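Me: I am new to this structure and should like to learn how its features are read. Could we begin with the cysteines, please?

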Amino acid sequence: QLKSFDDSTIKRRPGIHAVIALKAQLGKTDLSDMQDAVAVVADHYWQARKALEALAPVFSGGERVIDTPEYSRRLGEALDTPGLVAGAIGDAEAVFAEAIRVVEARYEVPYLAHATMEPMNCTASARAGSCEIWTPTQAPLQIRRDVGRALDIDPENVTVHPTLMGGGFGRRIETDFSIYATLIAMPADGKPVKVIWSREEDM
């Protein structure tokens, strides 16, 4: 939850157009996985990024941490739980029981983000009743549905232009970055706004 930020130091910076808090807007949606956010709209990315850092936003919550040992423990418990048998040919247990030697191995990888090579980004042009989106995505129809729900408009009024992407890896199946971009673009009343997440923000 977004508790506070200080925009007093950036108001007179050149190229800064707006500071947008999405706390109230996200509260109107039923997208429960979305979080409060604050964004800076500027002429260029670097202006926006440096101004955003100067806001020093304060958030509450977010203490839940999942690290590699915890994730490994959970997966281990799941593997030790009897699963559903989709199909069986022969008697594997009997073969193991009669085997002279059984070789067993376990392979693990760390808990990793599905990090794309290209930063998460989306350009949106939104006004009352409709919006248009340009974004590298693996799920354009899902974006139409979720953005329509966030704006409380018919998905038929959401136009998505899928672009080339610098790696998807499953991360671009999600629609959060497109929803944020659309909500940030709403006050611009049709003027396209390009949202770029830094690597730190995405992680």
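Reply: A disulfide is here a pair of cysteine sulfur atoms within 2.5 Å. In general, a disulfide is a covalent bond between the sulfur atoms of two cysteines. This is a predicted model, in which local features need pLDDT of at least 70 and side-chain atom pairs count only at pLDDT 80 or more, while totals for chains, interfaces and linings use all residues. Residues are numbered from 1 along each chain as its sequence is written, and side-chain values use heavy atoms, with hydrogens and water left out.

Me: How many disulfides does a search of the whole structure find?

Reply: The search finds zero. The sulfur of C131 has its closest cysteine sulfur in C122, 8.8 Å away, which is too far for a bond.

Me: Is C131 buried or exposed?

Reply: Buried means under 20% relative accessible area, exposed over 50%, and partly exposed in between (1.4 Å probe, protein chains only). C131 is buried, at 4%, and C122 is buried as well, at 0%.

Me: In what order do the strands of the open sheet lie?

Reply: Strands of a sheet pair through backbone hydrogen bonds, either parallel or antiparallel. Helices (H or I, at least four residues) and strands (E, at least two) are DSSP runs numbered from the N terminus, and two strands pair if DSSP finds at least two bridges between them. The open sheet has four strands in the order 7-6-5-8, with mixed pairing. Its edge strands, strand 7 (158-162) and strand 8 (193-196), each pair on one side only. Strand 6 (residues 130-135) runs parallel to strand 7, joined to it by five bridges. I133 stands opposite V160 in strand 7.

Me: Which salt bridges might serve as examples?

Reply: Side chains of opposite charge can pair when their charged atoms come close. A salt bridge is counted when a side-chain nitrogen of Lys or Arg is within 4 Å of a carboxyl oxygen of Asp or Glu. The structure holds 13 of them. One joins R73 and E77 (2.6 Å, N to O); both residues lie in helix 3 (residues 68-79), four residues apart, about one turn of the helix. Another joins E118 and R172 (3.4 Å, N to O). That pair links distant parts of the chain, 54 residues apart: E118 is in the loop between helix 4 (92-98) and strand 5, and R172 in the loop between strand 7 and helix 6.

Me: How accessible are E118 and R172?

Reply: E118 is partly exposed, with a relative accessible area of 23%, whereas R172 counts as buried at 0%.
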